[in-house]
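I opened a fresh page for this one and kept my notes short. Here is what I looked up, in the order I got to it.

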Amino acid sequence: MADNEFLGNVGGRTLSKPPTPGDIFFDKSFRFLTRAFTWATIFLLAFIVYKIGGKALPAFPDLGIKFLFTSVWNSSENVYGILPQIWGTIYSSFLALILGGFFGITIAIFITQDFLPYKVEFALKNIIELLAAIPSVVYGLWGIYVLVPLIRPLANFLHEYLGWIPFFSTRLSGLGLLPAVLVLSIMILPTVAAISQDAFKAIPHKTKEAAFGMGTTRWEAILRVMLPTASGGIFGALVLGFGRALGETMALAMLVGSMSTLTLSFFAPADTIAALLANTFPEANVGLETGALMYAACVLLLITLIVNIAGAVIVTKATPGGDRR
Amino acid sequence: MEALKEVDANEAYENDLPADVALDCRAHQIFYSDFLAVRDSHVPIKRNQITGFIGPSGCGKSTVLKSINRMNDLIRGFRFVGDVHFHGINIYDKNIDPVSVRRNIGMVFQQPNPFSMSIFDNVAFGLRLNRYKGNMHEKVEKALRSAALWKEVKDKLKNNGLSLSGGQQQRLCIARAIATEPRVLLMDEPCSALDPIATRQIEELMVELKKQFTVAIVTHNMQQAVRVADQTAFFAVDISKGGRTGYLVEMGPTKEVFENPQEELTKEYLHGEFS
Amino acid sequence: MSQTGLQLPQLERQPMEPRALKSIILSAITIACAITACIPLFSVLILLIYRGGKRLTLELFYTLPPGAFDAHGVGGFGNAILGTAFMVGIAGLISIPFGILAAVYLAELDPHSKISETARFCAKTMTGLPSIIAGVFAYAVVVLVMGHYSSWAGGIALSLLMIPTVMLTAEEAIKMVPNPMREAAYGMGCTPAQSLVKVILPVAMPGIITGVVLAVARAAGETAPLLFTALFSESWLSPNNPTASLAVLIYNWSSSPYENLIELAWAASLILVVLVFVLNIISRSMGGKTKL
C-alpha cells in the first residue's frame, strides 16, 4: 500500500525521514490551536454583546424605550433615563470631530505633501503619535489643572459679550463641555491624522504628477486633486475618529462636569454615557440601577459598533491596504 | 479491496518504468483556480542525470518543476490532474503527506533564500528536521564541500547565512538541500539572480552533483542547458484557446534536441535563440 | 520680427498674484495647525516634569499611600505600580498567546477563508470597542461571578483591549515575511507548524514584539476597564482582592481636596507617562530593525 511509511523505506541511501508521529502531532495540535483562537475571536465579540445585552435585559421591562428619552437619573426614586447622556455623547464627539478632524487632516496634508524636510516630517509624525500614547487619565488631570484655568477667562469673556448666542449661553464655572471637547479632540487627532496619511499615501504618484503637469500650484493640486482622490479614506478616518470619541471615557468623566442636562452651551456641564458608567457604576445600587447602567452600556456598545463598522468598511473600501487604526 | 487495487496499479506502473527513470511526472492538467496553466506534459526524470527544462517565459516549466515536490500546494487554487510516480508511488495520492515528499525531493529556488541563522545551522536545518542522530559536524562539512563552499566558510560557520554574497548564498542553499541526501534535487532557475562567475561555479557544481543525485533544473538560458543538461525538455505556450497554457513540445537527450529537433516549434525557438 | 500681437507669457514668480497669495496663506494656516497640535504634548510633558518632578522620590516606589486620616502624610504608591504591572502581566499572559496564535491562522494557514475574514473583521471592530465596555463586560463575567472585585477581573478587562492590537499587528508582521523564506522552509520538508516555529515566526518576531509592546503600553495607561473590576486599594497586592493601579490612582486623587494627594497624582502621572513613552520607544526601535 502506498502511504507515508513507504517514502521512508524505499531503497537507496538518503537521510530523509518522514515526519515523526511527534512532528505530526505537534503540527496538528498547533494548527488546531490557531484555528481555535481564530474562532475564539469571533466568539469573544459575540459573547461581549450577548453578556452585556443579557444583563441589560432584566431592566428593560421596567425602563422600556422611554429610558432613551428620559432626562432624570435618580437612584433614590428609581427613575432612570439617559437622554442627556446620549445627547452629550454625540454632541461632544461631534464638536471634537470638527476640531480634531480639521487639525488631523491638515497635519496629514502637511506630512504627506512634501512640505517638510525629511527629519522634521519624521519628528512631527512621532510627536503626533506620542500624543496618542499619553493615557487619557493624564489628559484628564492636565485638563483639570491646566486647561480649565486657562480657558475660563476667555470663555467667560465670550459669555459676557456674546451670551445671546446659544453656544455661549452659560458661564464656564469649572468643569464643562468645552474643556472635555478640547481634550477629546486632542485624543482623536492622531487617529484622524494617521488614517488620512494612509489615504494620501495610497494615491498613485502619477496622479500628483498629472496635476503638477497641468500647471497647478501645490495647493491647487492638493485641494482639487489630492483631497478629492483621498476623500473616501479621509471620510473613513473621520468616522473612526468619531467612533473613538464616542467611547472615550476618562477624559470626559473627569472634565465634562457630569450633570444630566440637555444643553447647547459649550460652557455648561454635561454628561456622556461612558462618563455616566465610570462615575455611577462603582456606587450603583444592585438591582434596577445596575440594570439601567447595563442598558446604557448596551446603548453605547451598539452606537460604537455601528460607527466603527461603518468606518472600517469605508476605510477598507477607499484605501486598499490602508486599513489600520 | 481498494488498497489492493492500488498496489496492483502501482506495481504495474513500476514495471512499466524503465530502470533508469528516478521519477516520472505526468501532468495532464495543472490549474490555478480556473486558469489552465499546463497541459499534457509527460516528463520522465532520469537517475543520476541532469534534466533541463527550457522554453519561453510563461510556458509552465517552473510550474511543472514545483509540482514535482508539491511546492505548488502552497498556492491557493492549485490543482494537479495527473500523477508523479516516484519509487512506485504516486505522490499525488490522497494518503501521501506532501511534507514527506519534500523531504525526499529537495529544492533550490530562484532567489537564494538562506534562513536568517548561522551558516552551520542553515545546513544542519534539514538534518535536525529529519532527526539525524549521527555526527552533525561531519555531515555539514560534507554538504558544504559538495556545494564547493567549504573552503570559503569553514572559518565563519557561526556567521549569519545572509552575510554571504549572492553566489555563496545560493551554494549555501544547495548545501542545505543536499545535506539530507534527498533522492532528487529540483532547481528553479538557480542562477538567474547571480553574476556570470557565480553562475559558472554553480554549473560546475551541478555536474559534480549528478554523480550522487538526480537533478532537474529549470533554466531560461539555452547555453546553460547545453552546458549542463543530459536530457532536455522543451516547453511552449499554447495561446490557441484564448488562455496561455504551457505544454511539453518534445523531450530527449540534450544533443538530439538541440541538433536535430523533431518538432518545427523547437526548431524555430532554438533558431531564434542561437542565430 | 514683428510679432506685435504675440505676448510672451509671464514666467517670473509673482508673489502678490492671487493664486500665489492663496498658496502662501494656506501654507501658513497649515504650519500654524501643526504647531498648535504640538502644544498639548509639550504642555503636558512640561507640567508633568514640573509638578510631578517635585514629588518624585525613591520612596514613592516602595511605600503605601498615605492613610485616610493622614492625607497630608508622606507616602507613595508602590502598591499601585505593582498592581499595574501585575494586571498588565495577566492581560499579557492571556492576550499574547491568543493574539499570536490567531494571527498565525489569519496570516499564514488560511488567510482567505470565511472564518478568517470574519475573525479579522471582529478584531478590527474590537479595536474600536470603548474601554469602559471592556470593564462592564469583565464586571458581568468575573466580578459578579466571583462575588468581589479582584486583580483577575482587571487583568481580563485589559486583555480584551490588548487582544485585537496584538493580533492585527502580528498578522501584519507575519505577512511581511518574504515569500522565499516560506518556500525555503516548506521546500526543506517542514510541516506547517515547523516552518512557522523554526523559520517564519523568528523572522516576524521584531514586528510581533512591536505590537505586543504597543499593546502593553496602551493597557498600562487604561483606567476605565479597571474602575469597577480591580477598583482600588490602599494596601499591598493581594490578587483576589481589590487592587490598586497607577491609572485609577490618578483618577481617584485628581479630584481630591488634599493638595498632597494631587501632587502624588502628578508624580504618578509622570511615572506612567515615562513608562508608556519608554515602551513606545522600544517598540519603535524594534520595528526599525526587522530582519531582512
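These entries go from chain B overall to its sheet, and then to single residues.

**Ground rules**

I'm working with a predicted model, where local features need pLDDT of at least 70, side-chain atom pairs count only at pLDDT 80 or more, and totals for chains, interfaces and linings use all residues. Residues are numbered from 1 along each chain as its sequence is written, chains are lettered from A and ligands numbered from 1 in the order in which they are written, and side-chain values use heavy atoms, with hydrogens and water left out.

**Entry 1: chain B as a whole**

I started with the parts list: chain B has eleven helices and ten strands. Both are DSSP runs numbered from the N terminus, with helices being H or I of at least four residues and strands being E of at least two. Next I checked the radius of gyration, and for chain B it is 19 Å, close to the 19 Å from the globule rule for 275 residues, so the chain is as compact as a globular protein of that length. (That radius is taken over C-alpha atoms, and the rule is 2.2 Å times the number of residues to the power 0.38.) Along the principal axes, the C-alpha atoms of chain B fill a box of roughly 60 × 55 × 35 Å.

Then I looked at burial: 56% of the 275 residues of chain B count as buried. Buried means under 20% relative accessible area, exposed means over 50%, and partly exposed is in between, using a 1.4 Å probe and protein chains only.

I also looked at contacts, meaning heavy atoms within 4.5 Å. Among contacts in chain B with a separation of 6 or more, 68% are between residues 24 or more positions apart.

**Entry 2: the sheet**

In what order do the ten strands of the open sheet in chain B run? I read it off as β5-β4-β1-β2-β10-β9-β3-β8-β7-β6, with mixed pairing. The edge strands of chain B are β5 (89-90) and β6 (105-108), each pairing on one side only. Two strands pair if DSSP finds at least two bridges between them. A reminder to myself: strands of a sheet pair through backbone hydrogen bonds, either parallel or antiparallel.

At the β5 edge, two bridges join β5(B) to β4 (residues 78-86), and these strands run antiparallel. B:His85 has B:Asn90 of β5(B) as its bridge partner.

At the other edge, β6(B) pairs with β7(B) in the parallel sense over four bridges. One of the matched pairs there is B:Ile105 with B:Val184 in β7(B). On to β8 (residues 214-218) of chain B: five bridges join it to β7(B), and the two run parallel. Here B:Leu186 stands opposite B:Ala216 of β8(B).

**Entry 3: β7 up close**

Why is β7(B) described as largely enclosed by the rest of the structure? Five of its five residues are buried, so that's the reason. In a regular strand the side chains alternate between the two faces of the sheet. I could see the two sets in β7(B): B:Val184, B:Leu186 and B:Asp188 point one way, while B:Leu185 and B:Met187 point the other way.

**Entry 4: helix α2**

I found that α2 (residues 61-68) of chain B has seven of its eight residues buried, so this helix is also largely enclosed by the rest of the structure. Among the buried ones are B:Lys61, B:Val64 and B:Lys66. After α2(B) comes B:Arg70, with a positive phi near 60 degrees.

**Entry 5: B:Lys139 and B:Glu181**

B:Lys139 sits in helix α5 (residues 136-146) of chain B. Is B:Lys139 buried or exposed? Its relative accessibility is 13%, so B:Lys139 counts as buried. Leaving out residues up to four places away in sequence, B:Lys139 touches A:Leu15, B:Leu127, B:Tyr132 and B:Glu181.

I followed that last contact to B:Glu181, in the loop between α7 (166-178) and β7 (184-188) of chain B. B:Glu181 is buried too, at 8% relative accessible area. Its phi is near 50 degrees, a positive value in a residue other than glycine. B:Glu181 and B:Phe213 are 32 residues apart along the chain, and their C-alpha atoms are separated by 7.9 Å.
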